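Work through the following exercises with the sequence and the 3D structure open beside you, and try each task before reading its solution.

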Amino acid sequence: MPRSSSGFILAGLSIVSLACSTSTAAETSREASTNVVIDAGHGGYDRGGIPGQRIAEKTMTLDVAQRLKGLLSAKGYRVVMTRDSDVFVPLPTRVAIANSYRDAIFVCIHFNSAKRVGADGIETYFYSRDSLPLASAVHYFVAGGAPTPNRGVRRRGFYVLRKTKIPAVLVECGFLTNPGEGEYAQTASYRQKLAEEIAAGIRGRSSVASRLTSTRVATAETIPYQPYIDQTKVHNSSSSRSRKKSSKSKSSKKKKSSKSIDSEASATSKKREG
Ligand SMILES: [Zn+2]
């Protein structure tokens, strides 16, 4: 759903709740002291994307990550980058950095790729239940702000999501293999926009309406809970063309490697996790 329309609907419904105004100073200062670990996907010899891809994913992820860092720092967040230059950082190192901070959140920035050039859209991944509000909020803003299709929030056991002990999300900011999205991604203003939307999601994550809080009154500031697609038990992708890298059934049952579970996009991207 486009953000503008849902925002409009919510505004229309707005029973401006006084309960909401109780979450003020204390939460704001706590929020501002939150550590945000930003993980720019890939780097160094790991270019990201698929073989022969024209636009290097690692460059785009780093740029968005650095823009996000600037935006969050300006709001008082303490930002940690798993990489801040064109270097390769192994996935366990990225996870270790994330897990070394308390009360932190972990945000991985990626772009998608597929052999089918028509593949497009924004998708956001999470794994732990604690990560769902963050995933919902980030996806709500990024998918709402991008002029490309909404591929939904997805639960999946990617290494960096499974191994992190703090709320963690991985946002795929569009397909670099898609002509339209590739062009967008190459403009600084669009990457800035992506960073702004991710920042809005981070800032708004505590406003996600939860299924568990039935007493919550919807207000104009409430971010709708995003339904998600559970892909944690995917053995066979619904799309047969995406099965190229599917592993043998035993290992996929145990979610041994997130690389064994593939969607259309990831099937063609060997190192999409990093
Ligand atoms: Zn990637």
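**Exercise 1. Describe the chain as a whole, and say where its coordinates should be read with care.**

Solution. Begin with the secondary structure of the protein chain, which comes to 10 helices and seven strands. Next, consider burial and contacts: of the 274 residues, 42% count as buried, and among the contacts with a separation of 6 or more, 77% are between residues 24 or more positions apart. Then turn to confidence, since this is a predicted model. The average pLDDT of the protein chain is 80, and 69% of the residues score at least 70. Two stretches stand under 50: residues 1-23, for which the model has 21 contacts beyond four places in sequence, and residues 236-274, for which the model has 69 such contacts. Where pLDDT is low, the predicted coordinates should not be read in detail.

**Exercise 2. In what order do the seven strands stand in the sheet, and which strands are at its edges?**

Solution. Reading across the open sheet, the order is β2-β1-β3-β6-β4-β5-β7, and the pairing is mixed. The edges are held by β2 and β7 (228-230), each of which has a single partner strand, so one side of each is left without a neighbour in the sheet. On average, neighbouring strands of this sheet are turned by 25° against each other, direction ignored.

To see what mixed pairing looks like, follow three pairs in turn.

- Strand β1 (residues 35-40) and β3 run parallel and are joined by six bridges; within this pair, Val37 has Phe106 as its bridge partner.
- Strands β3 and β6 (residues 168-175) also run parallel, with six bridges between them, and here His110 stands opposite Glu172.
- Strand β4 (residues 122-126) and β6 run antiparallel and are joined by four bridges; Thr124 is the bridge partner of Val171, while Tyr125 is the bridge partner of Leu170.

**Exercise 3. Is strand β3 enclosed or open to its surroundings, and which residues lie on each of its two sides?**

Solution. Start with the general rule that in a regular strand the side chains alternate between the two faces of the sheet. Now apply it to β3: one side carries Ala104, Phe106, Cys108, His110 and Asn112, the other carries Ile105, Val107, Ile109 and Phe111, and all of these are buried, which leaves both faces covered. Since nine of the nine residues of β3 (residues 104-112) are buried, the strand is largely enclosed by the rest of the structure. The same reasoning serves for β6, where eight of the eight residues are buried, so β6 is largely enclosed as well.

As a last step, take Val107 from β3 and look at its surroundings. Leaving aside neighbours within four places in sequence, Val107 is in contact with Val36, Ile38, Asp39, Val169, Ile198 and Ile202. Val107 is also among the residues with the most contacts inside the largest nonpolar core, which has 57 residues; the others named with it are Val36, Val138, Val142, Val169 and Ile198. Helix α5 (residues 132-145) gives the largest share of this core, nine residues.

**Exercise 4. What does helix α3 pack against, and how long is its span?**

Solution. First take the span: α3 (residues 57-74) has 18 residues and reaches 26 Å from its first C-alpha to its last, close to the 26 Å expected at 1.5 Å a residue. Then find its buried residues, which include Met60, Leu62, Val64, Leu68 and Leu72. The buried residues of α3 pack against β1, β2 (78-81), β3, β6, α7 (179-185) and α8 (188-204). Finally, look just after the helix, where Gly76 takes a positive phi of about 95°.

**Exercise 5. Is Val79 buried or exposed, and which residues is it in contact with?**

Solution. Locate Val79 first, in strand β2. Then count: 20 other C-beta atoms lie within 10 Å of Val79, and because 20 or more is the cut-off for a buried residue, Val79 is buried. Leaving aside neighbours within four places in sequence, Val79 is in contact with Val36, Ile38, Lys69, Leu72 and Ser73. As a further check on the fold, note that Val79 and Asn35 are 44 residues apart along the chain, yet their C-alpha atoms are separated by 5.7 Å.

How values were computed: Residues are numbered from 1 along each chain as its sequence is written. A residue is buried if 20 or more other C-beta atoms lie within 10 Å of its own, exposed if 12 or fewer, and partly exposed in between; C-beta atoms are placed from the backbone. Two residues are in contact if their C-beta atoms, placed from the backbone, lie within 7 Å. Two strands pair if DSSP finds at least two bridges between them. A nonpolar core is a set of buried Ala, Val, Leu, Ile, Met, Phe, Trp, Tyr and Cys residues joined through C-beta atoms within 7 Å. The expected span of a helix is 1.5 Å times one less than its number of residues. Axes are lines fitted to C-alpha atoms, for helices over the stretch in contact, and angles run from 0 to 180 degrees between N-to-C directions. pLDDT is the predictor's confidence in each residue, from 0 to 100.
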